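Got your viewer open? Let's take a walk through this model, one selection at a time.

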Amino acid sequence: MRSGTSLLIALAAILMLQPLSSEAQIRLFPGKGNPQVLDTLKLLPVDSLMKVQVMPADTAVAEIADTANAADTTAIATDVADTAATVQPIVFSAPERVRVSLVLPLTGAEKGNYTDFYCGFLMGVKKLAEEGAQIDLFVSETGNDAAYTEDCHLSIDASPASALGENLERSVKTKAVVVPLEQDTDKFTAYCPVVLMSGNWKSRIRNMVQWIKEDKAPEDSLFVIVRDDRTDQQTFFLMCELVNNDIPFKVTSSYMSQKYDRIQGKAMFAYVVEDALTTASVVNFLSGPVKKLKEETAFYCTSKVRSYSKRFEEDALNNANTKMVSSYYIDYSSPQTDSFILEYRRLFGAEPNMFSFHGYDTALCFIPLAAEYGENWPAVLDTRKGSGMISDFAFTIDATGWVNSAFRRISYLEGLEEKLEKSNLTASEQSLGVSDSLGGDFSTAE
């Protein structure tokens with residue numbers, strides 16, 4: 001359990017590394033009592049950090065910038081369809097101090113997991129500061145009236161979905177906002193460009209179909225499980241992706257009565273219905289009764305299935321030979337994970353949870369980009385990919401903004417073992433300059 005004293009000591013250690021500008025205040029972690037707001041100017045020396053270490057601007061970009069009108073070089077052309085239109089180059093300018101805005105609930109009934117996210121995020125800020133980054137961090141409570149993207153190089157909103165719409169409506173419409181926790185927030189992109197760190201359901205299903213394609217032999221049979229002969233939106237998308245990838249399949253809601261013993265190869269099952277009762281029925285059947293008809297099976301699903309784990313036996317996913325696609329998974333066998341946990345305990349006197357890991361990954365993934373490229377960092381986001389403590393990252397551009405298309409694959413094996421497969425990084429990928437002492441291997445694919 002956190003104590004007020006240990007939190008203040010931990011935060012003092014972090015804040016001593018992190019000078020803030022004169023108008024900034026940081027809201028400290030709420031304990032059992034009232035939240036506390038400290039004037040950081042009374043705690044911090046003005047120049048306690050080294051200059052941020054950044055790569056020089058690309059030579060070709062610099063040459064273009066020299067010949068262009070300096071007042072117009074930051075404009076980004078949006079109408080690339082019209083080839084006759086004048087497209088102005090994007091100029092990247094590394095700031096002396098990167099200004100980061102973070103919005104999340106730190107008081108009230110919703111604060112719990114978001115406080116853990118904040119702790120992990122501060123650990124990432126501390127790590128970057130130790131490596132030479134100069135960061136001005138502005139923390140806003142969800143629901144405040146401040147325009148939280150204005151004058152900042154990087155804006156992050158870790159608010160719950162119920163508050164995101166109102167927050168984003170106040171944002172600067174042309175600037176991207178990183179959404180690290182919520183998934184499938186397409187409806188919010190009408191307000192401003194959104195960077196979805198956790199991807200969306202279409203990306204998850206595409207990844208699952210790719211996995212099926214890699215595994216499926218010609219003699220294997222694939223069954224797409226639906227509920228009561230009804231095809232929901234996600235299942236329909238799954239079937240379209242299977243057709244687009246030339247993968248034959250059979251749709252069934254009566255999965256318990258199929259003649260699986262007549263199949264020559266494996267009996268493969270794909271399931272994306274987000275329903276508790278159907279999920280429990282499918283998992284329980286595939287983990288036991290189906291084995292009487294067919295020993296070789298494989299069950300492909302998304303991480304939503306884990307939400308209903310109390311409805312089936314502890315080893316059910318293992319017995320079903322489950323292949324799960326997930327936007328996050330903590331590899332507790334990694335020494336970097338052990339280092340992170342020990343450091344987190346030392347700083348906060350508490351155990352980290354998945355929100356803590358999310359916060360850490362968010363800081364290490366995006367702050368170095370903003371430090372290197374300034375506010376135009378989204379222009380290079382689709383060229384970067386990497387592996388964090390809890391998630392992998394490979395962003396693609398779509399109508400909603402930028403979507404993380406990298407997902408971790410978890411295979412449930414016999415003996416309650418789980419095998420993690422991260423997104424692969426090629427040998428040509430180069431480090432962003434973030435060391436791996438506490439985890440985080442963010443790289444660039446040129």
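Start with the open sheet of seven strands, keeping in mind that this is a predicted model. Its strand order is β9-β8-β10-β11-β12-β16-β17, and the pairing is mixed. Pick out β9 (250-252) and β17 (417-421) next: these are the edge strands, each pairing on one side only. Look along the sheet and you'll see some twist, with neighbouring strands turned by 25 degrees against each other on average, direction ignored.

Now zoom in on residues 297-302 and 322-326. Those are β11 and β12, which pair in the parallel sense over four bridges. For one specific bridge, select Y300 and its partner in β12, K323.

Time to add helices. Show 233-244, and you have α6, which packs on the sheet and touches β8 (221-225), β9 and β10 (267-271). The direction of α6 makes about 155 degrees with that of β8. Then bring up α7 (276-287): this helix lies across β8, β10 and β11, at about 165 degrees to β10.

On to the nonpolar cores. The largest has 53 residues, and F121, F366, I367 and W377 have the most contacts inside it. Elements that each supply at least two residues include β3 (98-104), α3 (111-130) and α9 (335-348). Color α10 (354-373) too, since you'll want the helix that gives the most to this core: 12 residues.

Which residues does F366 touch, beyond its neighbours within four places in sequence? Select L154, V178, V195, M197, W377, L381 and F395 to see them.

Last stop: a second, separate core of 27 residues, with I225, F312, M324 and Y412 among them.

Definitions and conventions. Residues are numbered from 1 along each chain as its sequence is written. This is a predicted model: local features need pLDDT of at least 70, side-chain atom pairs count only at pLDDT 80 or more; totals for chains, interfaces and linings use all residues. Side-chain values use heavy atoms; hydrogens and water are left out. Two strands pair if DSSP finds at least two bridges between them. Axes are lines fitted to C-alpha atoms, for helices over the stretch in contact, and angles run from 0 to 180 degrees between N-to-C directions. Contact means heavy atoms within 4.5 Å. A nonpolar core is a set of buried Ala, Val, Leu, Ile, Met, Phe, Trp, Tyr and Cys residues joined through side-chain atoms within 4.5 Å. Buried means under 20% relative accessible area, exposed over 50%, partly exposed in between (1.4 Å probe, protein chains only).
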